[in-house]
Amino acid sequence: MHFDLADLRIFVHVAEARSLTAGAQRAHLSTAAVSGRVKSLEAQLESRLFYRSSQGVELTPAGERLLQHAHLILRQVERVKSEFSGYASDAAGHLRIFANTTAVIEFMPEVLADFLAARPGITVDLQERMTSDIVRGVLDGTADMGILGIMVGVEVPSRLKTLPFSQDRLVLATPLDHPLAEREEVTYEDALDYPHVTLHEGSTLFHYLEMKALELGKPLPVRIQVFGFESACRMIEAGVGVGIIPESCALRYRGHMRLSVRHLSDAWAYRERSILIRDDHALPGFGQELLDIITQYQSAPPFSPAQRTPSRP
């Protein structure tokens, strides 16, 4: 086999774009040239890598396997460049991070703002992904690291290194005059009797809550979907419905919104925030620095449901 790194990069572009034309644009080559390089790569490997159709291309099983290897090979090449060609000082480089909704919305913007301001040559691709996609992305090398909340019943492959850095739990937020606001603690099943304000369908939290509702034999009664926890809390404050949100968010918005916040008694409501990496040597120096910053991140301390809630003016 004599394929080179350029072939692998072109293959990755086409695979991620699911199109020869779009892949060619990413590679700054003509579609004909890219098609020829892909066919040459298939000949070298004696394997068909794509199913081709008028709608684009789709990876074959052999293509799926090659994509995993290609991501790892190309990232290792970048690591070598970092150590031997002027990146040794970690003055420049790139990281891709897959994270859950809470991380993307709540604390990673703050963490990355300080990190990137001090390192003008570093770029970061932060993508909101489902838990399964986060784990898969770190496993196959698509992502350098993953950030997620590990809940009861969620298993992480032993091949990955898990680095817990804080704890959080899911709580129920309601308007001050809501019937559930009188209780010190509620169950998720109780909450499902009322309309819910939820995050968008692409969020990890929405899918997790939907799954837990189905396990209880009930639908998740969605009244409105929004794209952030602050928007959700404003809707809840206005009486649109109730909502399940992370405790750290509840603490942030409860201080200036008229919300009642109650603990969920369900065991799965407890979450351990963790970083996933393949191994310590898979990250460049600046990646290790970011990992250290995240592991030192501390959310606000948990509150007591007995704390006084803001009163109406």
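Buried means under 20% relative accessible area, and partly exposed runs from there up to 50%. The model used in these exercises is predicted.

**Exercise 1. Classify both partners of the E16–R96 salt bridge as buried or partly exposed.**

Step 1. Find the pair. E16 and R96 form a salt bridge, with their closest N and O atoms 3.8 Å apart.

Step 2. Place the pair. E16 sits in helix α1, and R96 sits in strand β3 (residues 93-99). They are 80 residues apart, so the bridge links distant parts of the chain.

Step 3. Apply the cut-off. R96 has a relative accessible area of 17%, so R96 is buried. E16 has 33%, so E16 is partly exposed.

**Exercise 2. Compare the settings of two further salt bridges, R37–D4 and R234–E230.**

Step 1. Take the distances. The closest N and O atoms are 3.7 Å apart in R37–D4. For R234–E230 the value is 3.2 Å.

Step 2. Place R37–D4. R37 lies in helix α3 and D4 in the segment before α1, 33 residues apart.

Step 3. Place R234–E230. Both residues belong to helix α9 (residues 229-237). They are 4 residues apart, about one turn of the helix.

Step 4. Check accessibility. R37 is partly exposed at 30%, and D4 is partly exposed at 38%. R234 is partly exposed at 44%, and E230 is partly exposed at 34%.

Step 5. Look for a network. E16, R26, R96 and D125 are joined into one by salt bridges that share partners. The whole structure holds 16 salt bridges.

**Exercise 3. Describe how helix α1 packs on helix α3.**

Step 1. Set the geometry. Helix α1 (residues 5-17) and helix α3 (residues 31-45) pack at about 110°, with axes 10 Å apart.

Step 2. Name the arrangement. Angles of 65 to 115 degrees count as roughly perpendicular, so α1 is roughly perpendicular to α3. The crossing is left-handed.

Step 3. List the contact. A6, D7, I10, F11 and V14 of α1 meet V34, R37, V38 and L41 of α3. These residues divide into 7 nonpolar, no polar and 2 charged.

**Exercise 4. Do the analysis for helix α5 and helix α11.**

Step 1. Set the geometry. Helix α5 (residues 101-117) and helix α11 (residues 285-295) cross at roughly 135°, and their axes come within 11 Å.

Step 2. Name the arrangement. That angle makes α5 oblique to α11. The crossing is right-handed.

Step 3. List the contact. M108, V111, L112 and F115 in α5 meet F286, E289, L290, I293 and I294 in α11. The split is 8 nonpolar, no polar and 1 charged.

Conventions
Residues numbered from 1 in each chain as written. Predicted model: local features only at pLDDT ≥ 70, side-chain atom pairs only at ≥ 80, totals over all residues. Heavy atoms only, no water. Axes fitted to C-alpha atoms, helices over the stretch in contact; angles between N-to-C directions. Helix = DSSP H or I, 4+ residues; strand = E, 2+ residues; numbered from the N terminus. Parallel < 35°, antiparallel > 145°, perpendicular 65-115°, else oblique. Left-handed = near helix turned anticlockwise from the far one by under 90°. Contact = heavy atoms within 4.5 Å. Nonpolar A, V, L, I, M, F, W, Y, C, P; charged D, E, K, R; others polar. Salt bridge = Lys/Arg side-chain N within 4 Å of Asp/Glu carboxyl O. Buried < 20%, exposed > 50% of the residue type's maximum accessible area, 1.4 Å probe, protein only.
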